[in-house]
Amino acid sequence: MIRYFTAGESHGPALSAIVEGVPAGVSITLEEINHQLTRRQQGYGRGGRMKIETDQAEVLSGIRFGKTIGSPIALIIKNRDWANWITSMAQFEKNDEKTAKITIPRPGHADLAGLIKYGFDDIRPVIERSSARETAARVAAGALSKVFLKALGIEIGSYISAIGAAAEPSAEVQLDGLLSQGADAISRQADLSTVRMLSKTTEAEAVAAIDEAKKRGDTLGGIIEIFITGVPVGFGSYVQHDRRLDAALASAILSIQAIKGVEIGTAFENARKPGSEVHDELHLSPLEGVIRKTNRAGGLEGSMSSGQTIHLRAAMKPISSLITPLHSFDIETLQPLPSRFERSDTCAVPAAGIVAEAVVAPVIANAILEKLGGDHLDEILQRLDLYRQSIHNTFCA
Ligand SMILES: Cc1cc2nc3c(=O)[nH]c(=O)nc-3n(C[C@H](O)[C@H](O)[C@H](O)COP(=O)(O)O)c2cc1C
(Lines give C-alpha, C1' and ligand atoms only; values in the text may rest on other atoms or scores of the structure.)
Protein backbone atom coordinates (compact mmCIF):
# COMPACT_ATOMS: atom_id res chain seq x y z
CA MET A 1 0.00 0.00 0.00
CA ILE A 2 1.16 3.53 -0.71
CA ARG A 3 1.77 5.86 2.22
CA TYR A 4 3.62 9.12 2.34
CA PHE A 5 4.77 11.89 4.61
CA THR A 6 5.88 15.40 3.87
CA ALA A 7 8.25 17.64 5.80
CA GLY A 8 9.40 21.21 5.42
CA GLU A 9 8.61 24.74 6.48
CA SER A 10 7.29 27.33 4.06
CA HIS A 11 10.50 29.40 4.29
CA GLY A 12 12.88 26.60 5.26
CA PRO A 13 15.56 25.25 2.93
CA ALA A 14 13.29 22.72 1.20
CA LEU A 15 10.10 20.70 1.23
CA SER A 16 10.44 16.96 1.15
CA ALA A 17 8.34 13.83 0.82
CA ILE A 18 8.92 10.14 1.33
CA VAL A 19 6.56 7.93 -0.63
CA GLU A 20 6.51 4.23 0.12
CA GLY A 21 4.65 1.44 -1.64
CA VAL A 22 4.68 2.58 -5.26
CA PRO A 23 5.05 -0.75 -7.12
CA ALA A 24 8.23 -1.50 -9.04
CA GLY A 25 8.38 -1.16 -12.81
CA VAL A 26 6.47 2.13 -13.20
CA SER A 27 8.17 4.33 -15.82
CA ILE A 28 8.41 7.91 -14.66
CA THR A 29 10.25 11.01 -15.77
CA LEU A 30 11.28 14.01 -13.71
CA GLU A 31 9.34 16.13 -16.23
CA GLU A 32 6.10 14.41 -15.22
CA ILE A 33 6.63 15.33 -11.57
CA ASN A 34 7.76 18.87 -12.43
CA HIS A 35 4.82 19.35 -14.78
CA GLN A 36 2.44 18.79 -11.85
CA LEU A 37 4.47 21.24 -9.73
CA THR A 38 4.25 23.86 -12.46
CA ARG A 39 0.49 23.35 -12.74
CA ARG A 40 0.16 23.98 -8.98
CA GLN A 41 1.96 27.31 -9.34
CA GLN A 42 -0.41 28.69 -11.99
CA GLY A 43 -3.69 30.54 -11.70
CA TYR A 44 -4.91 34.09 -11.83
CA GLY A 45 -4.91 35.67 -8.39
CA ARG A 46 -1.73 34.11 -6.98
CA GLY A 47 0.53 36.28 -4.81
CA GLY A 48 4.20 37.26 -4.91
CA ARG A 49 5.54 33.96 -3.58
CA MET A 50 4.79 32.12 -6.81
CA LYS A 51 6.94 34.67 -8.65
CA ILE A 52 9.90 33.76 -6.42
CA GLU A 53 9.56 29.99 -6.60
CA THR A 54 9.97 27.80 -9.69
CA ASP A 55 9.32 24.46 -8.11
CA GLN A 56 11.49 21.60 -9.32
CA ALA A 57 11.71 18.22 -7.65
CA GLU A 58 14.90 16.28 -7.03
CA VAL A 59 14.58 12.52 -6.61
CA LEU A 60 16.92 11.08 -4.00
CA SER A 61 15.89 7.43 -4.00
CA GLY A 62 13.54 4.76 -5.25
CA ILE A 63 13.87 5.37 -9.01
CA ARG A 64 16.51 3.75 -11.21
CA PHE A 65 16.94 4.29 -14.94
CA GLY A 66 13.53 5.98 -15.12
CA LYS A 67 11.60 3.21 -13.34
CA THR A 68 10.41 2.77 -9.79
CA ILE A 69 12.19 -0.05 -7.94
CA GLY A 70 9.66 -0.60 -5.14
CA SER A 71 11.84 1.18 -2.55
CA PRO A 72 10.75 4.35 -0.75
CA ILE A 73 10.96 7.34 -3.08
CA ALA A 74 12.44 10.43 -1.45
CA LEU A 75 11.83 13.80 -3.11
CA ILE A 76 12.91 17.32 -2.29
CA ILE A 77 11.79 20.69 -3.63
CA LYS A 78 14.10 23.54 -2.71
CA ASN A 79 12.58 26.82 -1.48
CA ARG A 80 14.24 29.65 -3.36
CA ASP A 81 12.85 32.10 -0.78
CA TRP A 82 15.01 30.39 1.87
CA ALA A 83 17.84 32.75 0.85
CA ASN A 84 15.78 35.61 2.37
CA TRP A 85 14.98 33.70 5.56
CA ILE A 86 18.28 32.09 6.54
CA THR A 87 18.47 34.15 9.75
CA SER A 88 14.85 34.14 10.86
CA MET A 89 14.37 30.45 10.03
CA ALA A 90 17.84 29.29 11.14
CA GLN A 91 17.79 25.74 12.52
CA PHE A 92 20.26 26.39 15.34
CA GLU A 93 21.64 29.91 15.86
CA LYS A 94 19.12 32.54 17.02
CA ASN A 95 19.74 36.16 16.10
CA ASP A 96 17.32 38.16 18.31
CA GLU A 97 18.07 41.47 16.62
CA LYS A 98 17.13 40.17 13.18
CA THR A 99 14.20 37.95 14.20
CA ALA A 100 10.92 39.72 14.90
CA LYS A 101 8.40 37.73 16.93
CA ILE A 102 4.92 37.40 15.39
CA THR A 103 2.34 38.08 18.08
CA ILE A 104 -0.91 38.96 16.24
CA PRO A 105 -2.86 35.85 15.15
CA ARG A 106 -4.60 36.00 11.77
CA PRO A 107 -8.27 34.92 11.81
CA GLY A 108 -8.98 31.91 9.59
CA HIS A 109 -5.44 30.58 9.99
CA ALA A 110 -3.88 27.98 12.30
CA ASP A 111 -2.14 30.87 14.15
CA LEU A 112 -4.09 31.11 17.42
CA ALA A 113 -4.94 27.43 18.02
CA GLY A 114 -1.43 26.37 16.94
CA LEU A 115 0.26 28.87 19.24
CA ILE A 116 -1.80 27.70 22.23
CA LYS A 117 -1.51 23.99 21.37
CA TYR A 118 2.29 23.97 20.94
CA GLY A 119 2.99 26.48 23.70
CA PHE A 120 4.88 29.03 21.56
CA ASP A 121 5.31 32.73 22.29
CA ASP A 122 5.86 33.42 18.58
CA ILE A 123 3.39 32.47 15.82
CA ARG A 124 6.11 32.04 13.19
CA PRO A 125 6.52 28.22 13.57
CA VAL A 126 2.76 27.74 13.18
CA ILE A 127 2.65 29.86 10.02
CA GLU A 128 5.59 28.00 8.55
CA ARG A 129 4.13 24.50 8.69
CA SER A 130 0.40 25.22 8.35
CA SER A 131 1.07 27.15 5.14
CA ALA A 132 -0.20 25.56 1.93
CA ARG A 133 3.34 25.77 0.58
CA GLU A 134 3.41 22.21 1.94
CA THR A 135 1.08 21.17 -0.88
CA ALA A 136 4.00 21.38 -3.33
CA ALA A 137 5.42 18.27 -1.62
CA ARG A 138 2.03 16.56 -1.79
CA VAL A 139 1.71 17.36 -5.48
CA ALA A 140 5.15 15.83 -6.16
CA ALA A 141 4.27 12.76 -4.07
CA GLY A 142 0.87 12.42 -5.74
CA ALA A 143 2.45 12.62 -9.20
CA LEU A 144 3.96 9.18 -8.60
CA SER A 145 0.54 7.61 -7.93
CA LYS A 146 -0.94 9.45 -10.90
CA VAL A 147 1.67 7.98 -13.21
CA PHE A 148 1.10 4.49 -11.74
CA LEU A 149 -2.67 4.85 -12.23
CA LYS A 150 -2.22 6.13 -15.77
CA ALA A 151 -0.36 2.91 -16.59
CA LEU A 152 -3.53 1.07 -15.46
CA GLY A 153 -5.77 3.26 -17.63
CA ILE A 154 -7.01 5.34 -14.71
CA GLU A 155 -6.90 9.14 -15.08
CA ILE A 156 -7.57 11.98 -12.64
CA GLY A 157 -8.58 15.43 -13.81
CA SER A 158 -10.12 18.58 -12.44
CA TYR A 159 -11.52 21.95 -13.32
CA ILE A 160 -12.91 24.94 -11.42
CA SER A 161 -16.64 25.55 -11.60
CA ALA A 162 -16.87 28.61 -9.33
CA ILE A 163 -14.70 31.40 -7.98
CA GLY A 164 -16.60 33.58 -5.56
CA ALA A 165 -19.98 34.39 -7.09
CA ALA A 166 -18.71 33.61 -10.62
CA ALA A 167 -20.23 30.15 -10.95
CA GLU A 168 -20.79 28.24 -14.14
CA PRO A 169 -24.32 27.24 -15.11
CA SER A 170 -23.68 23.48 -15.44
CA ALA A 171 -25.67 23.29 -18.70
CA GLU A 172 -23.04 25.47 -20.34
CA VAL A 173 -20.22 22.98 -19.84
CA GLN A 174 -20.36 19.83 -21.95
CA LEU A 175 -18.39 17.34 -19.91
CA ASP A 176 -19.41 14.09 -21.56
CA GLY A 177 -17.28 14.58 -24.66
CA LEU A 178 -14.21 15.32 -22.57
CA LEU A 179 -14.87 12.51 -20.09
CA SER A 180 -15.19 9.97 -22.91
CA GLN A 181 -11.50 10.71 -23.66
CA GLY A 182 -10.53 10.22 -19.98
CA ALA A 183 -10.23 12.67 -17.09
CA ASP A 184 -6.89 13.99 -18.38
CA ALA A 185 -8.83 15.66 -21.19
CA ILE A 186 -10.69 17.78 -18.63
CA SER A 187 -7.44 18.91 -17.05
CA ARG A 188 -5.84 19.63 -20.41
CA GLN A 189 -8.79 21.83 -21.35
CA ALA A 190 -8.91 23.51 -17.92
CA ASP A 191 -5.15 24.18 -17.97
CA LEU A 192 -5.70 26.42 -21.01
CA SER A 193 -7.68 28.80 -18.81
CA THR A 194 -5.98 31.14 -16.36
CA VAL A 195 -8.58 30.19 -13.73
CA ARG A 196 -8.88 26.54 -14.92
CA MET A 197 -12.49 27.04 -15.95
CA LEU A 198 -14.21 25.39 -18.92
CA SER A 199 -16.74 28.14 -19.55
CA LYS A 200 -15.33 31.28 -21.18
CA THR A 201 -18.19 33.39 -19.79
CA THR A 202 -17.57 32.28 -16.23
CA GLU A 203 -13.80 32.63 -16.71
CA ALA A 204 -14.23 36.33 -17.61
CA GLU A 205 -16.52 36.84 -14.60
CA ALA A 206 -14.04 35.07 -12.30
CA VAL A 207 -11.07 37.16 -13.50
CA ALA A 208 -13.12 40.34 -12.96
CA ALA A 209 -14.17 39.12 -9.49
CA ILE A 210 -10.53 38.44 -8.54
CA ASP A 211 -9.47 41.91 -9.76
CA GLU A 212 -12.30 43.46 -7.79
CA ALA A 213 -11.48 41.50 -4.62
CA LYS A 214 -7.81 42.46 -4.92
CA LYS A 215 -8.73 46.12 -5.26
CA ARG A 216 -10.77 45.87 -2.06
CA GLY A 217 -7.94 44.03 -0.26
CA ASP A 218 -10.25 41.02 -0.06
CA THR A 219 -9.98 37.35 -1.12
CA LEU A 220 -12.08 34.66 -2.83
CA GLY A 221 -12.73 30.92 -2.57
CA GLY A 222 -14.47 28.61 -4.98
CA ILE A 223 -15.47 25.16 -6.10
CA ILE A 224 -13.29 22.41 -7.57
CA GLU A 225 -14.64 19.52 -9.65
CA ILE A 226 -12.54 16.35 -9.59
CA PHE A 227 -13.02 13.40 -11.97
CA ILE A 228 -11.49 9.94 -11.94
CA THR A 229 -12.04 7.79 -15.03
CA GLY A 230 -11.19 4.15 -15.72
CA VAL A 231 -11.76 2.72 -12.22
CA PRO A 232 -13.52 -0.63 -12.66
CA VAL A 233 -16.48 -1.61 -10.48
CA GLY A 234 -15.78 -3.03 -7.01
CA PHE A 235 -12.78 -1.11 -5.59
CA GLY A 236 -13.05 -0.01 -1.96
CA SER A 237 -15.35 -1.87 0.43
CA TYR A 238 -18.47 -1.58 2.55
CA VAL A 239 -17.33 -4.16 5.14
CA GLN A 240 -15.40 -1.83 7.43
CA HIS A 241 -15.45 1.94 8.00
CA ASP A 242 -11.78 2.41 7.17
CA ARG A 243 -12.08 0.60 3.85
CA ARG A 244 -14.85 2.83 2.52
CA LEU A 245 -13.59 4.48 -0.67
CA ASP A 246 -15.93 7.48 -0.50
CA ALA A 247 -14.77 8.25 3.05
CA ALA A 248 -11.09 7.90 2.13
CA LEU A 249 -11.48 10.21 -0.87
CA ALA A 250 -13.38 12.81 1.17
CA SER A 251 -10.78 12.65 3.92
CA ALA A 252 -7.93 13.18 1.44
CA ILE A 253 -9.66 16.21 -0.05
CA LEU A 254 -10.50 17.69 3.36
CA SER A 255 -6.82 17.36 4.28
CA ILE A 256 -6.04 20.17 1.82
CA GLN A 257 -5.63 23.56 3.49
CA ALA A 258 -8.77 25.73 3.16
CA ILE A 259 -11.01 22.94 1.78
CA LYS A 260 -14.11 22.94 3.98
CA GLY A 261 -16.63 20.84 2.06
CA VAL A 262 -16.72 17.74 -0.15
CA GLU A 263 -19.59 16.47 -2.24
CA ILE A 264 -19.82 13.10 -3.99
CA GLY A 265 -21.77 13.30 -7.25
CA THR A 266 -24.72 15.64 -6.89
CA ALA A 267 -25.17 14.78 -3.20
CA PHE A 268 -26.61 18.08 -2.00
CA GLU A 269 -29.01 18.37 -4.92
CA ASN A 270 -29.99 14.70 -4.38
CA ALA A 271 -30.87 15.41 -0.76
CA ARG A 272 -33.71 17.66 -1.94
CA LYS A 273 -35.19 15.09 -4.36
CA PRO A 274 -37.14 11.83 -3.99
CA GLY A 275 -35.23 8.56 -4.48
CA SER A 276 -36.95 7.90 -7.80
CA GLU A 277 -35.16 10.98 -9.21
CA VAL A 278 -31.79 10.25 -7.63
CA HIS A 279 -30.65 6.65 -7.99
CA ASP A 280 -28.90 5.61 -11.17
CA GLU A 281 -30.95 2.79 -12.72
CA LEU A 282 -29.25 -0.34 -14.02
CA HIS A 283 -29.53 -1.47 -17.63
CA LEU A 284 -27.82 -4.22 -19.58
CA SER A 285 -26.25 -3.75 -22.97
CA PRO A 286 -24.98 -6.77 -24.93
CA LEU A 287 -21.77 -4.95 -25.86
CA GLU A 288 -21.05 -2.84 -22.79
CA GLY A 289 -22.54 -4.99 -20.03
CA VAL A 290 -23.99 -3.01 -17.12
CA ILE A 291 -24.77 0.59 -18.05
CA ARG A 292 -26.49 3.54 -16.38
CA LYS A 293 -27.96 6.57 -18.07
CA THR A 294 -27.14 8.88 -15.16
CA ASN A 295 -24.32 9.23 -12.63
CA ARG A 296 -25.83 11.15 -9.73
CA ALA A 297 -24.01 8.87 -7.27
CA GLY A 298 -20.68 10.21 -8.55
CA GLY A 299 -19.31 6.76 -9.38
CA LEU A 300 -19.48 5.45 -5.82
CA GLU A 301 -22.10 3.08 -4.45
CA GLY A 302 -21.85 1.19 -1.15
CA SER A 303 -18.44 2.87 -0.66
CA MET A 304 -17.10 1.08 -3.73
CA SER A 305 -16.45 2.24 -7.25
CA SER A 306 -19.50 1.62 -9.43
CA GLY A 307 -17.50 1.50 -12.66
CA GLN A 308 -18.71 4.97 -13.66
CA THR A 309 -16.62 8.13 -13.53
CA ILE A 310 -15.92 9.13 -9.94
CA HIS A 311 -16.98 12.75 -9.47
CA LEU A 312 -16.06 14.74 -6.37
CA ARG A 313 -16.63 18.40 -5.66
CA ALA A 314 -14.65 20.44 -3.12
CA ALA A 315 -15.48 23.81 -1.54
CA MET A 316 -12.52 26.08 -0.79
CA LYS A 317 -13.01 28.94 1.62
CA PRO A 318 -11.67 32.39 0.68
CA ILE A 319 -7.97 32.90 1.50
CA SER A 320 -7.62 33.92 5.16
CA SER A 321 -4.91 36.59 4.71
CA LEU A 322 -6.59 39.85 3.79
CA ILE A 323 -4.80 43.07 2.90
CA THR A 324 -7.74 44.93 4.47
CA PRO A 325 -7.20 43.66 8.00
CA LEU A 326 -9.68 41.66 10.08
CA HIS A 327 -10.01 42.20 13.82
CA SER A 328 -7.48 40.49 16.09
CA PHE A 329 -5.32 41.17 19.17
CA ASP A 330 -1.71 41.03 20.37
CA ILE A 331 -0.98 37.88 22.40
CA GLU A 332 1.58 39.75 24.56
CA THR A 333 -0.30 42.97 25.36
CA LEU A 334 -3.82 41.50 24.91
CA GLN A 335 -4.68 44.77 23.19
CA PRO A 336 -7.10 44.66 20.23
CA LEU A 337 -5.27 45.21 16.95
CA PRO A 338 -5.90 44.74 13.25
CA SER A 339 -4.64 41.41 11.91
CA ARG A 340 -1.22 41.52 10.26
CA PHE A 341 -0.81 40.74 6.57
CA GLU A 342 1.66 38.15 5.33
CA ARG A 343 2.30 38.05 1.56
CA SER A 344 -0.55 36.09 0.13
CA ASP A 345 -2.73 34.94 -2.76
CA THR A 346 -6.04 36.65 -3.55
CA CYS A 347 -7.43 33.38 -4.87
CA ALA A 348 -5.77 29.94 -5.00
CA VAL A 349 -8.69 27.80 -6.15
CA PRO A 350 -7.06 26.81 -9.49
CA ALA A 351 -3.94 25.61 -7.62
CA ALA A 352 -6.03 23.74 -5.06
CA GLY A 353 -7.53 21.75 -7.95
CA ILE A 354 -4.07 20.38 -8.78
CA VAL A 355 -3.54 19.53 -5.12
CA ALA A 356 -6.90 17.72 -5.08
CA GLU A 357 -5.85 15.59 -8.06
CA ALA A 358 -2.62 14.74 -6.24
CA VAL A 359 -4.18 13.74 -2.92
CA VAL A 360 -6.86 11.46 -4.38
CA ALA A 361 -4.30 9.59 -6.52
CA PRO A 362 -2.77 7.52 -3.67
CA VAL A 363 -6.27 6.77 -2.32
CA ILE A 364 -7.35 5.26 -5.64
CA ALA A 365 -3.99 3.52 -6.06
CA ASN A 366 -4.44 1.92 -2.64
CA ALA A 367 -7.95 0.73 -3.48
CA ILE A 368 -6.42 -1.00 -6.53
CA LEU A 369 -3.53 -2.45 -4.54
CA GLU A 370 -5.84 -3.62 -1.76
CA LYS A 371 -7.90 -5.69 -4.19
CA LEU A 372 -5.25 -6.84 -6.63
CA GLY A 373 -2.03 -6.85 -4.59
CA GLY A 374 1.21 -7.09 -6.55
CA ASP A 375 4.68 -5.62 -6.27
CA HIS A 376 5.47 -5.04 -9.95
CA LEU A 377 3.40 -3.09 -12.45
CA ASP A 378 3.28 -6.05 -14.87
CA GLU A 379 1.81 -8.29 -12.19
CA ILE A 380 -0.87 -5.70 -11.35
CA LEU A 381 -1.67 -5.12 -15.03
CA GLN A 382 -2.21 -8.86 -15.57
CA ARG A 383 -4.53 -9.11 -12.55
CA LEU A 384 -6.49 -6.03 -13.57
CA ASP A 385 -6.88 -7.39 -17.07
CA LEU A 386 -8.23 -10.71 -15.73
CA TYR A 387 -10.66 -8.86 -13.45
CA ARG A 388 -11.92 -6.64 -16.29
CA GLN A 389 -12.23 -9.70 -18.52
CA SER A 390 -14.26 -11.66 -15.97
CA ILE A 391 -16.71 -8.73 -15.56
CA HIS A 392 -17.01 -8.50 -19.32
CA ASN A 393 -17.64 -12.26 -19.65
CA THR A 394 -20.31 -12.16 -16.93
CA PHE A 395 -22.41 -9.30 -18.28
CA CYS A 396 -21.75 -9.04 -22.02
CA ALA A 397 -23.32 -11.30 -24.61
C1 LIG B 1 -2.84 25.97 -3.04
C2 LIG B 1 -3.20 26.79 -1.83
C3 LIG B 1 -2.65 28.05 -1.69
C4 LIG B 1 -2.98 28.83 -0.57
N5 LIG B 1 -2.44 30.07 -0.47
C6 LIG B 1 -2.76 30.84 0.61
C7 LIG B 1 -2.25 32.15 0.75
O8 LIG B 1 -1.50 32.63 -0.09
N9 LIG B 1 -2.61 32.87 1.84
C10 LIG B 1 -3.45 32.38 2.80
O11 LIG B 1 -3.76 33.06 3.75
N12 LIG B 1 -3.96 31.14 2.68
C13 LIG B 1 -3.63 30.35 1.63
N14 LIG B 1 -4.15 29.10 1.54
C15 LIG B 1 -5.05 28.59 2.58
C16 LIG B 1 -4.37 28.42 3.93
O17 LIG B 1 -3.22 27.63 3.83
C18 LIG B 1 -5.32 27.84 4.95
O19 LIG B 1 -6.56 28.48 4.88
C20 LIG B 1 -4.76 28.03 6.36
O21 LIG B 1 -3.57 27.28 6.46
C22 LIG B 1 -5.73 27.60 7.44
O23 LIG B 1 -6.03 26.26 7.32
P24 LIG B 1 -7.52 25.77 7.15
O25 LIG B 1 -8.18 26.70 6.21
O26 LIG B 1 -7.39 24.40 6.58
O27 LIG B 1 -8.14 25.82 8.51
C28 LIG B 1 -3.86 28.31 0.42
C29 LIG B 1 -4.40 27.02 0.27
C30 LIG B 1 -4.08 26.27 -0.86
C31 LIG B 1 -4.68 24.90 -1.01
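**Why these labels? A walk through the core**

Visitor: Which residues does Ile 163 touch, beyond those up to four places away in sequence?

Guide: In this predicted model, Ile 163 touches Val 195, Met 197, Ala 206, Ile 210, Leu 220, Gly 221, Gly 222, Cys 347, Val 349 and Pro 350.

Visitor: What makes these count as contacts?

Guide: Contact means heavy atoms within 4.5 Å, and the residues listed for Ile 163 are its partners of that kind.

Visitor: Which residues touch the most other members of the largest nonpolar core?

Guide: Ile 163, Ile 228, Leu 249 and Ile 364 do, in a core of 76 residues. Helix α11 (residues 349-372) gives the most to this core, with 16 residues. Another core, of 11 residues, lies apart from it, and Leu 179, Ala 185, Ile 186 and Phe 227 are among its members.

Visitor: Why is Thr 229 called buried?

Guide: Buried means under 20% relative accessible area. Thr 229 has 7% relative accessibility, so it counts as buried. Thr 229 lies in strand β9 (residues 222-229).

Visitor: What makes the link between Thr 229 and Ala 183 a polar contact?

Guide: The cut-off for a pair of N or O atoms is 3.5 Å. A polar atom of the Thr 229 side chain lies 2.8 Å from the backbone nitrogen of Ala 183, so the distance is within that cut-off.

Visitor: And Ala 250: why is that residue called buried?

Guide: Ala 250, in helix α9 (residues 245-254), has 18% relative accessibility; the limit is under 20%, so Ala 250 counts as buried too.

Conventions: Residues numbered from 1 in each chain as written. Predicted model: local features only at pLDDT ≥ 70, side-chain atom pairs only at ≥ 80, totals over all residues. Heavy atoms only, no water. Helix = DSSP H or I, 4+ residues; strand = E, 2+ residues; numbered from the N terminus. Buried < 20%, exposed > 50% of the residue type's maximum accessible area, 1.4 Å probe, protein only. Polar contact = N/O pair within 3.5 Å; in protein donor to acceptor, adjacent residues only side chain to side chain. Core = buried A, V, L, I, M, F, W, Y, C linked by side-chain atoms within 4.5 Å.
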